[in-house]
Structures are given as structure tokens and as C-alpha cells.
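User: I'm new to this one and would like a close look at a single part of it. Please show me the model, and then I'll ask about how some of its helices sit together.

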Amino acid sequence: MTQESLEHRLQQLPGGWSVSCLGDLPTAQVIGYGVTRPGPHTDDGVPMIRSADIQEGRLCGDEPRRIAPRVHEANLRSRLQAGDIVVVLVGRVGEAAVVGAEFHHWNASRTVAIIRTSEPDEAAWLNLWLGSPTVRAWCERHATGSTLQRTLGVAALRKLPVPIPPAGLRASVLRAVRLLEEKAAVNARIARCATELSEAQFAHLVSDGASWPERSLASLVQFTAGAAPRPGPDDDGAPTERGPAFVAPADILQSESPHLYATERWLSPGKEGRTRAPGSLLVASREDGVRAVLNHVPAVIGRNVLALEAHSLPDAYWLLHELRSRSAELASTAQGSARRELSRRAFAAAAVRWPPPEVREQFARLAGRLHERARMAQTENEKLRELRERILDGFLSGTFPGRTAS
């Protein structure tokens, strides 16, 4: 959807609706962005939300970055309150989530904007609107910067148009969406538990395999370094025909799952360049560690992504969990202040534990079943997200079942 069609659509809203810029809402305040100079990670410090912690409309704080208490006290303006909305400003611009009670009084990084409202229902409505593909596309078009580091300014965010429904209608759509979110939370828990079980089994095998030899990654896989530039936004937000997926470091770093089934960017046929086949291990890094996923779609990899081609699926499963278990250790193979530039030579020289073939095959059979169960839960959540979008679309147009346009 283009910017013009978004504006035109908002002009055609059913009776009783209004439209306001985010920064002009009387009961909402755009606090701005968070800490600009967080300093080094402090183990006993105050946890801080980063853009990578905002995933698919939820906050994930399993491995938070922690800032020193003095830094937190110097940045109380960005101290979070339960009910705030946090919005990604750098990277996947526009992605948003509501701050739950478990994140109360955390802080936020420079890559995150904070919106505070005086009404819980308004926060829920804003989160629903911000989570729509239409708004994500709007934010992408208003972002600036390089293709690798897109940035949405707070000034631009304040100009985001927000449709305001009548109170009764807003309550109806929020009830419908709340039911979907409750089911999605159950599915997310199933997926996490299945992944944790496979990681626990891997840890058990490793604890019994002290005599296994170590081999360099260079002797086990073929390496390819990503070089493709990130595609720019199309007029309609997506190619009319889908070619391969484009994989940026953020697609790996922000994935809760160890498997990659889709990304936010798809290349048009004929523009794909060199495509990696499904089954590749894709690796990216940041200062707190290396992340690896097993790819399941034809993909073109961007800069600062490494593709590893294993000789077999059991080898790929073993290496996937080996790399994930050594995340912090392998960060030493990356360069730059934020550890985002993976050195192909240094990474290839890293040594990994390498058990006999029968151990790798046994593990792959169990891990494969667990990951398939996680995928089933994720697939259902993808359908729920599509339904969520259709519900919002139906309310915006006045065609939701049981609703009229006026």
C-alpha cells in the first residue's frame, strides 16, 4: 500500500471515526528514544530493552543487556512503565510491543521509542495499529539511512496517522484480538519448550562426550560470505511475484526459533543474484554473541551474514546446536565495536566438538521431531497473525461480521 492510498483509505473510514497524528493524541505522549550511551554490559545492572528484544509484537527479555545503575539514574526519562508501547527505530522500524508488568522500570536503548498513554485501551489500540503491515510499510518509507541500518526518526513517528474508532467499536475489536493473542501465547510457549528440550538433549549428550575430538569449522562445512545489498522498499511494500528471501543479520539475530522459514524481504524474480539452497546454516553476530539458524527457504544473504553448507542434515543439526551453545565464545571471531562484522577466516578456524556419526544421527532424529512440533505452533501463529490483520482491516472498512459502516 502506498502512502497516498493509506491516506485515501483513512479518509474513507466509516462514520464516527477520526484520524489524528500520533504526536497530537491528547492522551498519548511520545517520550522519545532511550539511552544513547549505555556503556558496557553490567551483570548486576538494570535490564534494558533493545530493538532486538521486540519480536512479533512481544517483548523477549530472556537475555537482556544490563546497564550500570548510574547510567540508569541518569536516564530516568526512558525508564519504562507497564502499559508503555515500545517501537523499533533502528533496523525493523515500526515493530512495536506493549510493556508488561515484568518489564516495569527497565530502561530502553537508543534504538527504541517509548509511547505512554493514560488509557489502557488506547495503548492496546495503538499497539494493534502499529503492528499492522500497513503501518510497518509507512515506517519503512519514512526511514532514512543505509540499507543495512534503517532508522526512523522520532519526529517522523510523531506524524504517523492513527485512526480513532468510537469507544464501543474499539472495545469490540480489542476483545477479538485479545482472544487471538491468548492462543498465540500458548503456541509461543509450545515452540519455546520444544526448542529448550532439544537444547537440553544436546547438553546431555555433550556432557557424556568429553572424549570427542574437536574439528575446525573449515574442515566440516563450506563457507559463503554474504554480499547482497538490502533491497529498498517497493511502492506496494512487497514484490508482485516472490523470488528468494533476502536474509539480513537482523533476521537471524531477532529470530526466537533456531529455524528460518521466512523473512520480511523477498526479492523479485530475476533480481536474486546468488541463491542459497534450503539446508544452509546462516550465522550473524553482535556484541553479546553469535546466532545461528537453519534455513528452510531459498535465500540470498546480505552483508555480515555467513552461510555454512554441511555435508548432511544430521551434521547441520549438530552444528546448529553447537554454534548456539557457544554463542558468547564465538563472538570473539567478529570485528567492529559492536561485534557485527564476522571474520570468515577467524570463524572458519573455530573448533567444535565432533562426535561419531551415530551420535549425530541419533540427535538429529530427536531434534528434528521437536523442531517440527515447534514449527507447527509457529505456523498456527502465522495464521493467527493473518486473521488479526483481517479483523483490523474489517473494522477499518466497516465490514467486520456483525458491524456496519456507520
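How do α3 and α11 run relative to each other, roughly parallel or roughly perpendicular? Please take me through the surroundings too.

Analyst: Before we start, this is a predicted model: local features need pLDDT of at least 70, side-chain atom pairs count only at pLDDT 80 or more, and totals for chains, interfaces and linings use all residues. Residues are numbered from 1 along each chain as its sequence is written, and side-chain values use heavy atoms, leaving out hydrogens and water.

On to your question: α3 and α11 are roughly perpendicular to each other, a label for angles of 65 to 115 degrees (under 35 is roughly parallel, over 145 roughly antiparallel, the rest oblique). Their axes cross at roughly 110 degrees and come within 11 Å. Axes here are lines fitted to C-alpha atoms, for helices over the stretch in contact, with angles from 0 to 180 degrees between N-to-C directions. On the α3 side, Trp125, Asn127, Leu128 and Trp129 make the contact, meeting Arg388, Leu392 and Leu396 of α11; contact means heavy atoms within 4.5 Å. That group splits into 5 nonpolar, 1 polar and 1 charged. (Ala, Val, Leu, Ile, Met, Phe, Trp, Tyr, Cys and Pro are nonpolar; Asp, Glu, Lys and Arg are charged; the others, Gly among them, are polar.)

Helix α3 covers residues 120-130, and 8 of its 11 residues are buried, meaning under 20% relative accessible area (over 50% is exposed, in between partly exposed; 1.4 Å probe, protein chains only). Trp125, Leu128 and Trp129 are among them. Helices (H or I, at least four residues) and strands (E, at least two) are DSSP runs, numbered from the N terminus.

Now look at another partner of α11, which spans residues 357-397: α8 packs against α11 at about 75 degrees, with the axes 8 Å apart. So α8 and α11 are roughly perpendicular to each other as well. From α8 come Pro314, Asp315, Tyr317, Trp318 and His321, and the α11 residues they meet include Phe363, Ala367 and His371. Sorted by type, this contact has 7 nonpolar, 3 polar and 3 charged residues.

What about α8 itself? With 13 residues (313-325) at 1.5 Å a residue, α8 should span 18 Å, and its end C-alpha atoms are indeed 18 Å apart, so the two agree; the expected span is 1.5 Å times one less than the number of residues. Its buried residues include Tyr317, Trp318 and Leu320.

Trp318 is worth a zoom. Ring pairs join Trp318 with Phe202, Trp212 and Phe363 in a cluster; rings of Phe, Tyr and Trp (its six-membered ring) pair if their centres lie within 6.5 Å, with planes under 30 degrees apart called stacked, over 60 edge-to-face and the rest tilted. There are 7 aromatic pairs by this rule. One of them, Phe202 with Trp318, is tilted, at 4.6 Å centre to centre and 55 degrees between the planes. Phe202 sits in α6 (residues 167-207), 116 residues from Trp318 in α8, and both are buried.

Finally, try His259 in strand β15 (residues 259-260). His259 has a relative accessible area of 4%, so it is buried. Setting aside neighbours within four places in sequence, His259 touches Val293, Leu294, His296, Tyr317, Leu320 and His371. Tyr317 also turns up on the α8 side of the contact with α11, and His371 on the α11 side.
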